[in-house]
Amino acid sequence: MKTALLLIDIQKDYFSGGKMELVNPLEAGQKAYQLLQCFREHGGLHIHIQHESIRPGATFFLPGSEGMDIHDCVAHFEGEPIIYKHFPNAFRETKLYEILKDWDVERVVICGMMTHMCVDATARAAADLGFQVIVAADACATRNLSYGDTAIPADHVHKAFLAALKSYGQVATVEEILTQLAAENAL
């Protein structure tokens with residue numbers, strides 16, 4: 001089964017010193033790097049997805065800013081495909097679907113940031129478009145949220161969204177995904 005890796009929004013503004021720092025982004029980015037290296041070493045299909053904020057009043061991922069750059073932990077190499085998006089769902093108003101179809105991809109492995117926003121939106125859309133979905137739980141990060149007077153720690157946000165995404169596909173650790181892909185000889 002042809003599988004592609006989607007690296008979503010692993011960008012500098014989400015890391016220490018960035019304009020929208022997440023909880024444990026470096027740990028998630030390092031796990032994403034393990035997936036990326038495996039796909040690179042075995043000629044696997046992979047796409048970097050980079051968010052560019054163009055809506056009025058945006059405060060991070062601003063066009064031309066250093067914060068919009070892909071973080072060094074998963075550095076984009078020249079010649080690797082990259083999709084620029086303006087919405088949480090990486091399929092919306094981009095060529096992502098067409099690229100995956102041109103490659104005859106049937107399954108996507110998704111990692112990146114933020115679990116509760118772009119990872120969630122893209123995973124659900126991928127499933128709706130007919131792709132089998134695997135979300136790399138430990139290669140995603142999010143942030144603390146609040147609702148009314150309730151503070152919701154990032155760990156709870158992360159796990160709640162991963163639990164919900166199990167309805168759309170498989171949720172697994174990077175180690176489990178690499179073991180599965182190796183057993184299937186999928187790369």
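**Exercise 1. Strand E5**

Task: Decide whether strand E5 is largely enclosed or largely open, and find its partner strand.

Solution.
Step 1. Locate the strand in this predicted model. E5 covers residues 132–141.
Step 2. Apply the cut-off. Buried means under 20% relative accessible area. In E5, 8 of the 10 residues are buried.
Step 3. Conclude. Strand E5 is largely enclosed by the rest of the structure, because 8 of its 10 residues are buried.
Step 4. Find the partner. E4 is joined to E5 by 6 bridges. The two strands run parallel.
Step 5. Pick out one facing pair. Ala141 in E5 has Met113 opposite.

**Exercise 2. A salt bridge between Lys85 and Asp9**

Task: Which parts of the chain does the pair Lys85 and Asp9 tie together?

Solution.
Step 1. Recall the principle. Side chains of opposite charge can pair when their charged atoms come close.
Step 2. Check the distance. The closest N and O atoms of Lys85 and Asp9 are 2.9 Å apart. A salt bridge needs them within 4 Å. Lys85 and Asp9 form one.
Step 3. Place both residues. Lys85 lies in strand E3, residues 82–85. Asp9 sits in the loop between strand E1 (3–8) and H1. The pair therefore ties together parts that are 76 residues apart in sequence.
Step 4. Add the burial. Lys85 has a relative accessible area of 0%, so Lys85 is buried. Asp9 also has 0%, so Asp9 is buried.

**Exercise 3. Two more salt bridges**

Task: How far apart in sequence are the partners in Arg40–Glu80 and in Arg124–Asp120?

Solution.
Step 1. Start with Arg40 and Glu80. Their closest N and O atoms are 2.7 Å apart, in a salt bridge.
Step 2. Place them. Arg40 is in helix H1, and Glu80 is in the loop between strand E2 (45–51) and E3. The pair thus ties together parts 40 residues apart in sequence.
Step 3. Classify them. Arg40 is buried at 17% relative accessible area. Glu80 is buried at 12%.
Step 4. Turn to Arg124 and Asp120. Their side chains meet in a salt bridge at 2.7 Å, N to O.
Step 5. Place this pair. Arg124 and Asp120 are in helix H3, residues 115–128. They are 4 residues apart, so about one helical turn separates them.
Step 6. Classify them. Arg124 is partly exposed at 26% relative accessibility. Asp120 is buried at 10%.
Step 7. Note the total. The whole structure holds 7 salt bridges.

**Exercise 4. A charged patch**

Task: Which residues gather in a patch of negative charge on the surface?

Solution.
Step 1. List the members. They are Glu98, Asp102, Asp104 and Glu106.
Step 2. Take one member, Glu106. Glu106 lies in the loop between helix H2 (96–102) and strand E4 (107–113).
Step 3. Test Glu106 against the cut-off. A patch residue needs over 30% relative accessible area. Glu106 has 44%, and counts as partly exposed.

**Exercise 5. Sequence and space**

Task: How far apart in space are Tyr33 and Val171, and His76 and Ile152?

Solution.
Step 1. Place Tyr33. Tyr33 lies in helix H1, residues 25–41. At 36% relative accessibility, Tyr33 is partly exposed.
Step 2. Read its separation from Val171. The two are 138 residues apart in sequence and 18 Å apart in space, C-alpha to C-alpha.
Step 3. Place His76. His76 is in the loop between E2 and E3. With 29% relative accessible area, His76 is partly exposed.
Step 4. Read its separation from Ile152. His76 and Ile152 are 76 residues apart in sequence and 33 Å apart in space, C-alpha to C-alpha.

Terms used
Residues are numbered from 1 along each chain as its sequence is written. This is a predicted model: local features need pLDDT of at least 70, side-chain atom pairs count only at pLDDT 80 or more; totals for chains, interfaces and linings use all residues. Side-chain values use heavy atoms; hydrogens and water are left out. Patches are made of residues with over 30% relative accessible area and no salt bridge: like charges are joined within 9 Å, nonpolar side chains (Val, Leu, Ile, Met, Phe, Trp, Tyr) within 5 Å. Accessible areas come from the Shrake-Rupley method with a 1.4 Å probe; for residues, only the protein chains shown count as cover. Lys and Arg count as positive and Asp and Glu as negative; His and the chain ends are not counted. The place of a charge is taken as NZ of Lys, CZ of Arg, CG of Asp or CD of Glu. Buried means under 20% relative accessible area, exposed over 50%, partly exposed in between (1.4 Å probe, protein chains only). Two strands pair if DSSP finds at least two bridges between them.
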